[in-house]
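User: Hi! I've got a model open and would like to talk it through with you, a bit at a time.
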Amino acid sequence: MTAQRPVSPFSFASPASASGKAWLVTFSDLICLLLTFFVMLYAMSEPDPARYKALAAGVPGADPAQVGEQRPEAAFSAASLDRGKAIELGYLGRVFESQMSANPELADMRIARIDGTLILSMPSDLLFAPGDAALSEGGRRVLFLMGGVAANIGNALDVVGHADASPAGARWPSNWELSLARAQAVANALREAGYLRDITVRGHGDGQSGGDVKAEARRVDLVVREHGGGS
């Protein structure tokens with residue numbers, strides 16, 4: 001009687017058995033792709049400060065109060081944008097909102113989604129002296145902050161000046177010329193901030209004020225479109 005040789009636990013599988021498990025490679029690749037997809041979805045979502053703060057509390061050495069305040073703003077920064085591509089307007093709106101909440105100079109601005117565009121309305125009093133189309137120091141500061149975001153997107157931009165029914169002053173033949181000159185000044189500031197694409201500039205007189213209140217009528221709108229801009 002011939003004794004059977006014990007099977008070593010370190011013996012290699014036969015080629016036939018190895019080929020039978022080749023599907024594991026494809027399955028592993030699929031799982032990695034799904035994991036990457038869900039990580040990207042989470043990265044594009046709006047962070048919940050309360051949940052993040054609770055998570056930070058479990059990290060040794062972390063300051064939950066400090067981290068909880070800073071992390072959501074850091075998630076929506078201009079550095080996370082791709083200046084070569086048109087950014088999704090919902091995400092881009094949250095980036096601008098984070099800038100507005102973090103900077104008191106932007107507190108009077110308004111943001112809205114209208115007809116597939118993102119519109120940021122800046123009161124003229126925030127940017128210009130009465131009857132003037134040259135940016136004030138405060139206006140330059142405002143556009144420096146907004147330009148930090150605009151310079152990092154590939155979306156098409158329109159700058160639209162609006163005026164009220166008040167006389168434009170001796171320097172301007174009409175409110176249309178004043179609103180157009182103000183829109184041009186804002187567009188120039190955005191180009192200086194680094195926006196590399198063409199900007200469409202328009203001016204409206206008191207016929208398209210968009211509101212009954214003069215303070216609302218005197219404004220410059222930054223209109224961000226879903227598609228990319230020309231270079």
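User: Let me jump straight in: which residues of H7 are buried?

Analyst: Happy to help, and please keep in mind that this is a predicted model. The buried residues in H7 are Gly139, Val142, Leu143, Leu145, Met146, Gly147, Val149 and Ala150.

User: And what do those buried residues pack against?

Analyst: They pack against three helices and two strands, listed here by name: helix H5 (89–102), helix H6 (124–127), helix H8 (175–193), strand E2 (117–123) and strand E3 (155–162).

User: How far does H7 reach, first C-alpha to last?

Analyst: H7 covers residues 137–150, which is 14 residues, and it reaches 19 Å. That is close to the 20 Å expected at 1.5 Å a residue.

User: Thanks. Zooming out, how many helices and strands does the protein have?

Analyst: There are nine helices and five strands. Along the sequence the pattern reads α-α-α-α-α-β-β-α-α-β-α-β-α-β. The protein has 231 residues, and 35% of them count as buried.

User: What share of the contacts is long-range, say at least 24 apart?

Analyst: Taking contacts between residues at least 6 apart in sequence, 70% join residues at least 24 apart.

User: Now the core. Which residues have the most contacts inside the largest nonpolar core?

Analyst: Those are Leu92, Met109, Met122, Leu127, Val159, Val186 and Val224, in a core of 36 residues. Two or more residues of this core come from each of H5, E2, H6, H7, E3, H8 and strand E5 (219–228). As background, nonpolar side chains tend to be buried together in soluble globular proteins.

User: Met109 caught my eye. What does it touch?

Analyst: Leaving out residues up to four places away in sequence, Met109 touches Met100, Leu120, Ser121, Met122, Pro123, Leu126, Val142 and Met146. Two of these partners, Val142 and Met146, also appear among the buried residues of H7.

User: H8 keeps coming up. Which of its residues are buried?

Analyst: In H8 the buried ones are Asn175, Leu178, Ser179, Arg182, Ala183, Ala185, Val186, Ala187, Ala189 and Leu190. They pack against E2, H6, H7, E3, strand E4 (199–204) and E5. The helix has 19 residues and reaches 27 Å from its first C-alpha to its last, close to the expected 27 Å.

User: What happens just after H8?

Analyst: Gly194 sits there, with a positive phi of about 120°.

User: Switching to charges: how many salt bridges are there?

Analyst: The structure holds six. In one of them, the side chains of Asp125 and Arg218 meet at 3.3 Å, N to O. That pair links distant parts of the chain, 93 residues apart: Asp125 is in helix H6, while Arg218 is in the loop between helix H9 (214–217) and E5.

User: Is Asp125 buried or exposed?

Analyst: Asp125 has a relative accessible area of 52%, and exposed means over 50%, so it counts as exposed. Its partner Arg218 is partly exposed, at 24%.

User: Which residue does Arg202 pair with?

Analyst: Arg202 forms a salt bridge with Asp158, with 3.0 Å between the closest N and O atoms. Because Arg202 lies in strand E4 and Asp158 in strand E3, the pair ties together parts 44 residues apart in sequence. Asp158 is buried, with a relative accessible area of 5%, whereas Arg202 is partly exposed at 32%. A network of salt bridges links these two residues with Arg225.

User: What about Arg219 and Asp221, buried or exposed?

Analyst: Both are buried. Their side chains meet in a salt bridge at 3.2 Å, N to O.

User: Last topic, the surface. Which residues make the nonpolar patch?

Analyst: Trp23, Leu24, Phe27, Leu30, Ile31 and Leu34 make a patch of about 580 Å². One of them, Leu30, lies in helix H2 (residues 23–44) and is partly exposed, with a relative accessible area of 46%. For the whole protein, the exposed area is about 14100 Å², with carbon and sulfur atoms supplying 59%.

Technical notes
Residues are numbered from 1 along each chain as its sequence is written. This is a predicted model: local features need pLDDT of at least 70, side-chain atom pairs count only at pLDDT 80 or more; totals for chains, interfaces and linings use all residues. Side-chain values use heavy atoms; hydrogens and water are left out. Patches are made of residues with over 30% relative accessible area and no salt bridge: like charges are joined within 9 Å, nonpolar side chains (Val, Leu, Ile, Met, Phe, Trp, Tyr) within 5 Å. Accessible areas come from the Shrake-Rupley method with a 1.4 Å probe; for residues, only the protein chains shown count as cover. A salt bridge is a side-chain nitrogen of Lys or Arg within 4 Å of a carboxyl oxygen of Asp or Glu. Helices (H or I, at least four residues) and strands (E, at least two) are DSSP runs, numbered from the N terminus. Buried means under 20% relative accessible area, exposed over 50%, partly exposed in between (1.4 Å probe, protein chains only). The expected span of a helix is 1.5 Å times one less than its number of residues. Contact means heavy atoms within 4.5 Å. A nonpolar core is a set of buried Ala, Val, Leu, Ile, Met, Phe, Trp, Tyr and Cys residues joined through side-chain atoms within 4.5 Å.
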